[in-house]
Amino acid sequence: MKPFRKTITKITALLFSILLLSSLLIPQTIYANGEDEPDFSLYAQSAVLMDASSGRILYEKNGHKVLPMASTTKIMTCILALENGNPEDYAIASSYAASMPKVKLSVKEGEYYQLKDLLYSLMLESHNDAAVVIAEHIAGSTQNFADLMNQKARDIGCHDTFFITPNGLDATVTAKDGTVKVHSTTAADLAKIMSYCIMDSPKKEDFLAITRTPSYSFENYLEKDGQFVRGGRTFQCNNHNAFLSMMDGALSGKTGFTGSAGYCYVGSLRRDNRTYVVALLACGWPNNKTYKWSDTKTLMNYGLENFEYHTLKEASFDESRLKPIKVNGGQTDRLGATAYVDIKIDRETKNDSETDDGLLLKKGENIQVNCQSATQLTAPIEAGTQVGTIRYLVGETVYKVEYILTSGSVPAIDFSWCLSQILKRYTL
């Protein structure tokens, strides 16, 4: 019996080791509060749920993996056209634009279209040729427009994104150093671009109006004797963003598909001061067209059920806690006294580190306040000198910075001050 028991014990230990190793090999999902929680079993290879107000990632699955993004590219094309173009302008279709593959408006070389009409064609039907007409009108060529796209991405803070085309068709280029660059982004960057389009862009309302329109019709134009006349062709565009009717508060979005990218989607939802963005990359291939809707609803529901809106003012640092700072070598009203300077928090001027007034927190999360200030200074000190900072953090991420400034000035001790103090003492 003893050898049998030993064999059973060895088998049990082996099975336990296999189970333990298997659990370590299961990919872990990173959540906003750093906890490990059950995976959603998303179809997308890469996914992000973002708080659009603060840019905070609430959930990610391979959120920083670089992948092609297909026609979700067009949200950048649209916002750049709105910010840099006049919607009433007439844009001419080139032979290159007319050569674009489906899905397309089927523009013809030499035709004109109003820029505003092309934006509906771009965002509702995802027409590839409309994207090229827009790009060439705004920047002169698709290459120049790609430069604008990449600069805008950097301005927004998307450093893992590289645009080559205005429509998202699969593309590669070879850089001067011989490296091959792919038209690509990450789910985190894509969510950040959408957040910019709906929250921060000066043309956010125009962007939302276009992307929320159920249907739109327009016509082409021809140029005759310096005038634009109707060209005789009419077009009807219908919105293919099915998510708009799937959940209360659905706000905007854009689908995409190419052979390399698979099905992609970026969408947003707003309820009760909470604005969420979901970005999905490589979310299935034919015949799995509906996977993106399932993943989007799963992530949006997770956000709605687990996160609440909090203002940064809730954790606002009490200015009365600030104490005057000792100033070495500073003038005082009498010999032998120690100079001090009062300090205050600069709450009148916004700074670059300050985001919107609120962010989404999960239950149990708190905003931490880190106040750091100089303990002593050396004269001379001018009023308005920065002597410290107050940082508002969640985890290790800073969401707001306030600056501590001196309220007054403290001149340095000099000969004139010494002489006046001696004379004052002698007189007294």
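Let me start with strands β8, residues 215-224, and β9, residues 227-238, which run antiparallel and are joined by 9 bridges. If you would like one pair to find on the screen, take Leu222, whose bridge partner in β9 is Val229. The two strands make a hairpin with 2 residues between them, and in that hairpin Asp225 takes a positive phi near 55°. Please keep in mind throughout that this is a predicted model, and that every value I mention is computed from it.

With that hairpin in view, let us step back to the whole chain, which holds 10 helices and 21 strands. Of its 428 residues, 46% are buried. If we take the contacts between residues at least 6 apart in sequence, 65% of them join residues that are at least 24 apart.

A second hairpin lies further along the chain, and here I would begin with strand β20, residues 386-394. Is this strand largely enclosed or largely open? Because 7 of its 9 residues are buried, β20 is largely enclosed by the rest of the structure. It pairs with strand β18, residues 368-373, in the antiparallel sense over 6 bridges, and within this pairing Ser373 stands opposite Gly388 of β20. β20 also pairs with strand β21, residues 397-406, again in the antiparallel sense, over 8 bridges, and there Tyr392 has Lys400 in β21 as its bridge partner. β20 and β21 form a hairpin with 2 residues between them, and in the turn Gly395 has a positive phi of about 70°.

Now to the helices, and to α5 in particular, which covers residues 128-139. Its 12 residues reach 17 Å from the first C-alpha to the last, close to the 16 Å expected at 1.5 Å a residue. With 11 of those 12 residues buried, a residue counting as buried when its relative accessible area is under 20%, α5 is largely enclosed by the rest of the structure. The buried residues include Val132, Val133 and Ile134, and also Asp129 and Glu136. What covers them? The cover includes helices α2, α3, α4 and α6, together with strand β4. Just after α5 comes Gly140, which takes a positive phi of about 95°.

Helix α9 has 16 residues and reaches 23 Å from its first C-alpha to its last, close to the 22 Å expected. Among its buried residues are Trp293, Leu299, Met300 and Tyr302.

This helix brings us to the second largest pocket, because α9 is one of the elements, along with α4, β10 and β11, that each supply at least two residues of its lining. The pocket holds about 480 Å³ of space. Its lining has 25 residues, and those nearest the centre are Val103, Ser126, Thr255, Gly256 and Phe257. Which element gives the most to this lining? That is β10, residues 250-258, with 6 residues. Sorted by class, the lining has 8 nonpolar, 12 polar and 5 charged residues.

Val103 deserves a second look, since a cis peptide bond joins Lys102 to Val103, with omega at about 10°. Val103 sits in the loop between α3 and β5. Another cis peptide bond runs from Pro286 to Asn287, with omega near 5°, and Asn287 is found in the loop between β12 and α9.

Two further backbone details belong to the loop between β3 and α2, where both Asn62 and Ala70 are found. Asn62 has a phi near 50°, a positive value in a residue other than glycine, and Ala70, which is not a glycine either, has a positive phi of about 50°. Are these two residues buried or exposed? At 45% relative accessibility Asn62 counts as partly exposed, whereas Ala70, at 1%, counts as buried.

I will finish with Lys204, which has its place in helix α8, residues 204-211. At 29% relative accessibility, Lys204 counts as partly exposed. Leaving aside residues up to four places away in sequence, Lys204 touches Cys197, Ile198 and Met199. Lys204 and Glu83 are 121 residues apart in sequence, and in space they are 9.5 Å apart, C-alpha to C-alpha.

Terms used: Residues are numbered from 1 along each chain as its sequence is written. This is a predicted model: local features need pLDDT of at least 70, side-chain atom pairs count only at pLDDT 80 or more; totals for chains, interfaces and linings use all residues. Side-chain values use heavy atoms; hydrogens and water are left out. On a 1 Å grid over the protein atoms alone, a cavity is a set of points where a 1.4 Å probe fits but cannot get out, and a pocket is an open set with protein on both sides within 12 Å along at least five of seven lines; lining residues have an atom within 4 Å of a point. Grid points are joined across faces, edges and corners, and a volume is the space filled by probe spheres set on the points. Helices (H or I, at least four residues) and strands (E, at least two) are DSSP runs, numbered from the N terminus. Ala, Val, Leu, Ile, Met, Phe, Trp, Tyr, Cys and Pro count as nonpolar, Asp, Glu, Lys and Arg as charged, and the others, Gly among them, as polar. Buried means under 20% relative accessible area, exposed over 50%, partly exposed in between (1.4 Å probe, protein chains only). Two strands pair if DSSP finds at least two bridges between them. The expected span of a helix is 1.5 Å times one less than its number of residues. Contact means heavy atoms within 4.5 Å.
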